[in-house]
Amino acid sequence: MLTEEQRKEIREEMGRFPDAQSALLGALRIAQSEKGYVDNDSLVEIADLFSLSPAEVYGVASFYQMIRQEPVGTWHIQFCTNVSCSLAGAPRILEHLKSLLAISEGEVTPDGLFSLECVQCLGACGSAPVMMVNDELHERLDEEKISGIIGYLKKRGTPHE
Ligand code: FES
């Protein structure tokens, strides 16, 4: 469900375009900002705001990889498995990461702290292998670096603590 603030932001986004539907992707990003994914209620509310059917909004949401429709962890990890990162050792490091978190790709840890998604290129091939944790890019990864990052985040808990 959208917050009042999100509804306001979405209306502002719609006002920026001559054709309000051009703001649909922006609206989905705003809806995702609160919980890290767009729940069904929010999707229906967005459809209502744009005078579209929920199926049309779902079509757009499911087209873009950055729009998620499943809950994510407090720390959402996007791990690059594309060519440059793979050549730099991403598959081995990914296995290490999975064993540290005890989850597979597409899963959330039982405490809700971490989720893991494999993605195709984060645009930082020059410093491969890389991953994003929420909005932060981590570069030139190896097993030791991954262990340090996960250990730190486990201690830190939520981003706001
Ligand atoms: S291939 Fe991993 S960032 Fe481009």
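Angles over 145 degrees between helix axes count as roughly antiparallel, and those under 35 degrees as roughly parallel. Keep that cut-off at hand for these exercises, which explore a predicted model.

**Exercise 1. Get an overview of the protein.**

Find how many helices and strands the protein has, and in what pattern they follow each other.

*Solution.* Start with the count: there are seven helices and four strands. Next, walk along the sequence, where the pattern reads α-α-α-α-β-α-α-β-β-β-α. Then turn to the dimensions: along the principal axes, the C-alpha atoms fill a box of roughly 50 × 30 × 25 Å. The protein has 161 residues, and 43% of them count as buried. Finally, consider the contacts between residues at least 6 apart in sequence: 63% of these join residues at least 24 apart.

**Exercise 2. Describe how H1 and H2 lie against each other.**

Work out whether helices H1 and H2 are roughly parallel or roughly antiparallel.

*Solution.* Two packed helices are described by the angle between their axes and the distance between the axes. First, locate the pair: H1 covers residues 4-15 and H2 covers residues 24-35. Their axes come within 9 Å and cross at roughly 160 degrees. Now apply the cut-off: an angle over 145 degrees counts as roughly antiparallel, so H1 and H2 are roughly antiparallel to each other. The handedness of this crossing is right-handed. On the H1 side, the contact is made by Gln6, Glu9, Ile10 and Glu13. H2 brings Gly26, Ala27, Ile30, Ala31, Ser33 and Glu34. Sorted by class, the contact of H1 with H2 has four nonpolar, three polar and three charged residues.

**Exercise 3. Repeat the analysis for H1 and H3.**

Determine how H1 and H3 are oriented to each other, and which residues make the contact.

*Solution.* Helix H3 spans residues 40-49, and the axes of H1 and H3 come within 12 Å, crossing at roughly 40 degrees. An angle under 35 degrees would count as roughly parallel, and one of 65 to 115 as roughly perpendicular. The angle here fits neither range, so H1 and H3 are oblique to each other. H1 passes H3 in a right-handed crossing. The contact is made by Arg7, Ile10, Arg11 and Met14 of H1, together with Glu45, Ile46 and Leu49 of H3. By class, this contact of H1 with H3 has four nonpolar, no polar and three charged residues.

**Exercise 4. Look at the buried side of H3.**

Name the buried residues of H3 and the helices they pack against.

*Solution.* Begin with the list: Ser42, Leu43, Glu45, Ile46, Ala47 and Leu49 are the buried residues of H3. These buried residues pack against H1, H2 and helix H4 (54-63). To finish, move past the helix: H3 is followed by Ser51, which has a positive phi, near 55 degrees.

**Exercise 5. Place Gln78.**

Is Gln78 buried or exposed, and which residues is Gln78 in contact with?

*Solution.* Gln78 is found in strand S1 (residues 75-80). Its relative accessible area is 17%. Buried means under 20%, so Gln78 is buried. Leaving aside neighbours within four places in sequence, Gln78 is in contact with Arg68, Glu117, Val119, Leu122, Met131 and Met132.

**Exercise 6. Check the cysteines.**

How many disulfides does the structure hold?

*Solution.* A disulfide is a covalent bond between the sulfur atoms of two cysteines. The structure holds zero disulfides. Now judge the exposure of two cysteines. Cys80 has 2% relative accessibility, so Cys80 counts as buried. Cys121 has a relative accessible area of 35%, so Cys121 is partly exposed.

How values were computed. Residues are numbered from 1 along each chain as its sequence is written. This is a predicted model: local features need pLDDT of at least 70, side-chain atom pairs count only at pLDDT 80 or more; totals for chains, interfaces and linings use all residues. Side-chain values use heavy atoms; hydrogens and water are left out. Axes are lines fitted to C-alpha atoms, for helices over the stretch in contact, and angles run from 0 to 180 degrees between N-to-C directions. Helices (H or I, at least four residues) and strands (E, at least two) are DSSP runs, numbered from the N terminus. A crossing is left-handed if the near helix is turned anticlockwise from the far one by less than a right angle, and right-handed if clockwise. Contact means heavy atoms within 4.5 Å. Ala, Val, Leu, Ile, Met, Phe, Trp, Tyr, Cys and Pro count as nonpolar, Asp, Glu, Lys and Arg as charged, and the others, Gly among them, as polar. A disulfide is a pair of cysteine sulfur atoms within 2.5 Å. Buried means under 20% relative accessible area, exposed over 50%, partly exposed in between (1.4 Å probe, protein chains only).
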